[in-house]
Amino acid sequence: MDQLSIGDKAPDFELLDLKGYKYLISDIYKTKNVLLVFNIGFAWPHCTNHMAQLRQDYSRFQQFNTDIMVLVPNGPKLIEKYTRTNDIPYTILSDKGSKIAAQFFQVKKFFAFGTPTVFLIDQTGKIIYTH
């Protein structure tokens with residue numbers, strides 16, 4: 001398998017946020033849908049534009065019981081600065097080394113195209129949308 005598709009079970013993963021809070025994706029999707037975004041980071045304008053659009057649409061996602069989680073290959077200092085400067089209401093986590101991106105088969109896409117990839121995961125852990 002070299003990609004995940006609609007209907008596939010999303011790989012489980014655990015990452016720490018800037019404050020040391022542990023995010024286990026399977027714990028989150030038990031109570032909410034998760035919009036999981038793999039983003040190359042803060043250097044590409046289309047990536048930062050996408051994150052700005054997510055900020056604008058955040059309350060609409062909340063209305064549909066959906067949390068937004070963005071994974072970037074950047075380190076905690078850049079994430080903290082970006083989050084603070086841009087008033088980001090959703091979670092951005094560091095996937096340093098792109099280990100989680102690899103589980104979702106996104107590493108080649110990151111470095112070949114630099115475009116964000118989106119997975120919508122339902123409350124059973126299944127992928128119900130990908131782009």
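Is Phe104 buried or exposed? Let's start there. Phe104 is buried, with a relative accessible area of 0%. Keep that residue in mind, as we'll come back to it. One thing before we go on: this is a predicted model.

Okay, let's look at strand 3, residues 33–38. Six of its six residues are buried, so the strand is mostly covered, given that buried means under 20% relative accessible area. The side chains go two ways here. Asn33, Leu35 and Val37 point one way, while Val34, Leu36 and Phe38 point the other way, and all of them are buried.

Who are the partners of strand 3? Strand 4, residues 66–72, pairs with strand 3 in the parallel sense, over six bridges. If you want a spot to find in the viewer, look for Leu36, which stands opposite Met69 in strand 4. Add helix 2, residues 45–63, and you have a right-handed β-α-β unit made of strand 3, helix 2 and strand 4.

There's also strand 6, residues 117–121, which runs antiparallel to strand 3 and is joined to it by five bridges. The spot to find here is Val34, whose bridge partner in strand 6 is Ile121.

Now, the inside. How many residues does the largest nonpolar core have? The count is 20, and the residues with the most contacts inside this core are Phe13, Leu36, Met69, Leu71, Phe104 and Ile121. So there's Phe104 again, together with Leu36 and Met69, the two that stand opposite each other. Which elements feed this core? Helix 1 (25–28), strand 3, strand 4, helix 4 (99–103) and strand 6 each supply at least two residues. Strand 3 gives the most, with three residues.

Let me stay on Ile121 for a second. Leaving aside neighbours within four places in sequence, Ile121 is in contact with Ala10, Ile25, Tyr29, Asn33, Val34, Leu36, Lys126 and Ile127. Two of those names, Val34 and Leu36, you've already met on strand 3. There's also a second, separate core, with 14 residues, including Val37, Met51, Tyr90 and Val118.

Next up, aromatic rings. The structure holds six aromatic pairs, and I'll show you two. Phe13 and Phe104 form an edge-to-face pair, 6.2 Å centre to centre with 80 degrees between the planes. Why does this pair tie together parts that are 91 residues apart in sequence? Because Phe13 lies in the segment before strand 1 (14–16), whereas Phe104 lies in the loop between helix 4 and helix 5 (107–113). Phe13 is also buried, at 3% relative accessibility.

The other pair is Phe38 with Phe119. Their ring centres are 6.1 Å apart and the planes sit at 90 degrees, so this pair is edge-to-face. Phe38 lies in strand 3 and Phe119 in strand 6, so the pair ties together parts that are 81 residues apart in sequence. Both Phe38 and Phe119 are buried. And here's how it joins up: ring pairs link Phe13, Phe38, Phe104 and Phe119 into a cluster.

Last topic, charges. Side chains of opposite charge can pair when their charged atoms come close. A search of the whole structure finds three salt bridges, so let's walk through them.

Lys32 forms a salt bridge with Asp67, with the closest N and O atoms 3.5 Å apart. Lys32 lies in the loop between helix 1 and strand 3, and Asp67 lies in strand 4, so this pair ties together parts that are 35 residues apart in sequence. Lys32 is partly exposed, with a relative accessible area of 25%, and Asp67 also counts as partly exposed, at 22%.

Then there's Lys30 with Asp27, where the closest N and O atoms are 3.8 Å apart. Lys30 counts as exposed at 57% relative accessibility, while Asp27 is partly exposed at 43%.

Finally, Arg84 forms a salt bridge with Glu80, the closest N and O atoms being 3.0 Å apart. Both lie in helix 3, residues 76–86, four residues apart, which is about one turn of the helix. Arg84 counts as exposed, at 55% relative accessibility, and Glu80 is partly exposed, at 33%.

So if you take one picture home, make it strand 3: mostly covered, paired with strand 4, joined to strand 6, and giving the most residues to the largest core.

Note on methods: Residues numbered from 1 in each chain as written. Predicted model: local features only at pLDDT ≥ 70, side-chain atom pairs only at ≥ 80, totals over all residues. Heavy atoms only, no water. Buried < 20%, exposed > 50% of the residue type's maximum accessible area, 1.4 Å probe, protein only. Pairing = 2+ DSSP bridges. Right-handed = clockwise from strand over helix to strand, strands pointing away. Core = buried A, V, L, I, M, F, W, Y, C linked by side-chain atoms within 4.5 Å. Contact = heavy atoms within 4.5 Å. Salt bridge = Lys/Arg side-chain N within 4 Å of Asp/Glu carboxyl O. Phe/Tyr/Trp six-rings, centres within 6.5 Å; stacked < 30°, edge-to-face > 60°.
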